[in-house]
Amino acid sequence: MAGQKTILRALAGEVQDVPPIWMMRQAGRYLPEYRATRAEAGDFLSLCYNSDLATEVTLQPIRRYGFDAAILFADILLVPQALGADLWFVTGEGPRLSTITDQAGVDGLKPTAEIHETLAPVYQTVRNLSRALPAETTLIGFAGAPWTVATYMIAGRGTPDQGPAHALKTGNRAVFEALLERITEATIEYLSAQIDAGAEVVKVFDSWAGSLRGEDFDRYATAPARQIIAALKTRHPGIPVIAFPREAGDKYVGFHAATGADCVALDNSVSPDWAAEQVQKDGCVQGNLAASHMVTGGEALVTETRAIVKAFRKGPHIFNLGHGITPDADPDNVQRMIDAVRGG
Ligand code: CP3
């Protein structure tokens with residue numbers, strides 16, 4: 001596998017002395033150059049749909065830090081928008097969407113084949129990036145997982161406990177499942193188009209998987225991930241997939257086999273030693289430094305980074321945070337983390 005990109009080698013199961021590294025939300029508000037480009041775009045959604053500026057912000061952390069992977073700059077909520085939902089962002093608060101609570105709402109969504117009209121600029125960003133990135137940098141495309149996307153479509157906003165989505169699941173399971181099915185289908189088409197445009201890996205973000213318990217987790221986190229991954233691998237043989245069932249806890253165990261994911265991304269609520277034994281035995285893992293270290297820095301950042309590298313050193317590992325870097329992070333702490341990973 002010599003000569004291949006480090007991220008692709010890890011995804012193929014290779015154990016490397018120095019794990020490849022990238023960072024969730026690596027293009028984001030903690031970087032002054034991101035804030036400048038976002039101001040030029042006007043607002044967050046205009047930035048997502050402006051292929052030239054979205055390309056620019058994706059490249060910024062690669063130029064500054066030389067990460068091993070670039071992640072397409074976009075958002076998981078572009079899929080609901082492409083399906084016909086209204087979407088806007090309230091500064092300092094987060095996303096707002098029109099809500100879906102009944103069968104009429106599901107029936108009112110656009111046909112899956114029409115999502116590409118809205119999403120075409122995203123595919124253009126992917127094409128730009130596959131030309132512009134350094135030869136050693138892997139391009140990651142992504143989408144939200146059906147459950148996580150549904151939580152926003154049902155509630156019309158982010159919710160601390162995903163209460164409205166759980167209520168619809170209990171109160172009208174048929175509508176809930178019909179919505180999940182529509183999102184699953186759109187996600188397959190969306191990721192497939194990203195791969196056609198040049199994405200070399202795709203990642204599925206199930207940020208709210210942790211609020212699904214027992215059988216609900218199997219039906220609404222595991223099964224849709226399996227369906228998406230199987231469809232992508234049929235259409236694009238060999239395409240590596242990273243799955244991120246955030247806060248899955250014990251449900252991380254067996255998630256590779258249950259879904260067909262090449263890599264399972266870990267949040268920082270699980271201990272690296274436990275995950276090395278229980279999860280990494282089945283394949284590549286990604287993670288899992290607490291994002292708060294990017295704010296607090298100091299010795300703890302270096303000690304914890306080294307402990308994670310050490311815990312995962314016997315298997316395939318991609319170093320990352322356990323969740324996205326926050327706007328209050330210090331860009332110098334990101335460099336300290338990278339130095340601790342690469343310099344030992
Ligand atoms: O750098 C990257 O990681 C790539 C781009 C990316 C963004 N969002 C850009 C973004 C990715 C992969 C996402 C995923 C995403 N978006 C998730 C899943 C991952 C996670 O964080 O759990 C979710 C739940 C969303 C939905 C979303 N987008 C929310 C809830 C918010 C508001 C919260 C916040 O951080 O402000 C966003 C906005 C968003 N998405 C920003 C960025 C850089 C900040 C927007 C800004 O510039 O004002």
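This is a walk through a predicted model, from its ligand and the pocket around it to two enclosed cavities and two backbone details.

Let us begin with the ligand, which sits in the largest pocket of the structure. About 1300 Å³ of space lies in that pocket. Its lining is made up of 40 residues, and Arg25, Arg29, Phe44, Asp75 and Phe89 are the ones nearest the centre of the largest pocket. If you colour the lining by class, you will find 22 nonpolar, nine polar and nine charged residues. Several elements contribute to this wall: helix 2, helix 3 (44-49), strand 2 (87-90) and strand 3 each give at least two residues to the lining of the largest pocket. The largest share comes from strand 3, with three residues.

Now move inward to the ligand itself. The shell around the ligand holds 22 residues, and Arg25, Arg29, Tyr34, Asp75 and Ser207 come nearest. In this shell, 14 residues are nonpolar, four are polar and four are charged. Two elements that you have already met in the pocket lining appear here too, as helix 2 (32-41) and strand 3 (94-97) each supply at least two residues of the shell.

The polar contacts are a good place to zoom in. Ser207 has a polar side-chain atom 2.5 Å from an oxygen atom of the ligand. For Arg29, an N or O atom of the side chain lies 2.6 Å from a ligand oxygen. Arg38 also takes part, with a polar side-chain atom 2.9 Å from an oxygen atom of the ligand. As for cover, the ligand taken alone exposes 860 Å², and the protein buries 88% of that area.

Arg25 deserves a second look. This residue is among those nearest the ligand, and Arg25 is also among those nearest the centre of the largest pocket. Along the chain, Arg25 lies in the loop between helix 1 (6-11) and helix 2. What about its backbone? Most residues other than glycine have a negative phi. Arg25 has a positive phi, near 60°.

The other backbone detail is found elsewhere in the chain. Most peptide bonds are trans. Gly287 and Asn288, however, are joined by a cis peptide bond, with omega about -10°. Asn288 has its place in strand 8, which covers residues 284-289.

Next come the enclosed spaces. Rolling a probe the size of a water molecule over the atoms shows where empty space is left. Two cavities of 30 Å³ or more are present in this structure. The largest cavity contains about 80 Å³ of space. Among the residues that line the largest cavity are Ala145, Pro146, Val204, Asp206, Tyr220, Phe244 and Phe255. By class, the lining of the largest cavity has 11 nonpolar residues, one charged residue and no polar ones. Strand 5 (201-206), helix 11 (214-235) and strand 6 (241-245) each provide at least two residues of this lining. Helix 11 gives the most, with four residues.

How much space lies in the second largest cavity? The volume there is about 40 Å³. Its lining consists of Gln16, Asp17, Pro19, Val309, Phe312, Arg313, Gly315 and His317. The classes in the lining of the second largest cavity are three nonpolar, three polar and two charged residues.

To tie the tour together, return to the ligand in the largest pocket. Arg29, which has a side-chain N or O atom 2.6 Å from a ligand oxygen, is also one of the lining residues nearest the centre of that pocket.

Conventions. Residues are numbered from 1 along each chain as its sequence is written. This is a predicted model: local features need pLDDT of at least 70, side-chain atom pairs count only at pLDDT 80 or more; totals for chains, interfaces and linings use all residues. Side-chain values use heavy atoms; hydrogens and water are left out. A residue is near a molecule or strand if one of its heavy atoms lies within 4 Å of it. A polar contact is a pair of N or O atoms within 3.5 Å; within protein, one must be able to donate a hydrogen and the other to accept it, and residues adjacent in sequence count only if both atoms are side-chain atoms. Accessible areas come from the Shrake-Rupley method with a 1.4 Å probe; for residues, only the protein chains shown count as cover. On a 1 Å grid over the protein atoms alone, a cavity is a set of points where a 1.4 Å probe fits but cannot get out, and a pocket is an open set with protein on both sides within 12 Å along at least five of seven lines; lining residues have an atom within 4 Å of a point. A molecule sits in a cavity or pocket if more than half of its atoms lie within 2 Å of its grid points. Ala, Val, Leu, Ile, Met, Phe, Trp, Tyr, Cys and Pro count as nonpolar, Asp, Glu, Lys and Arg as charged, and the others, Gly among them, as polar. Grid points are joined across faces, edges and corners, and a volume is the space filled by probe spheres set on the points.
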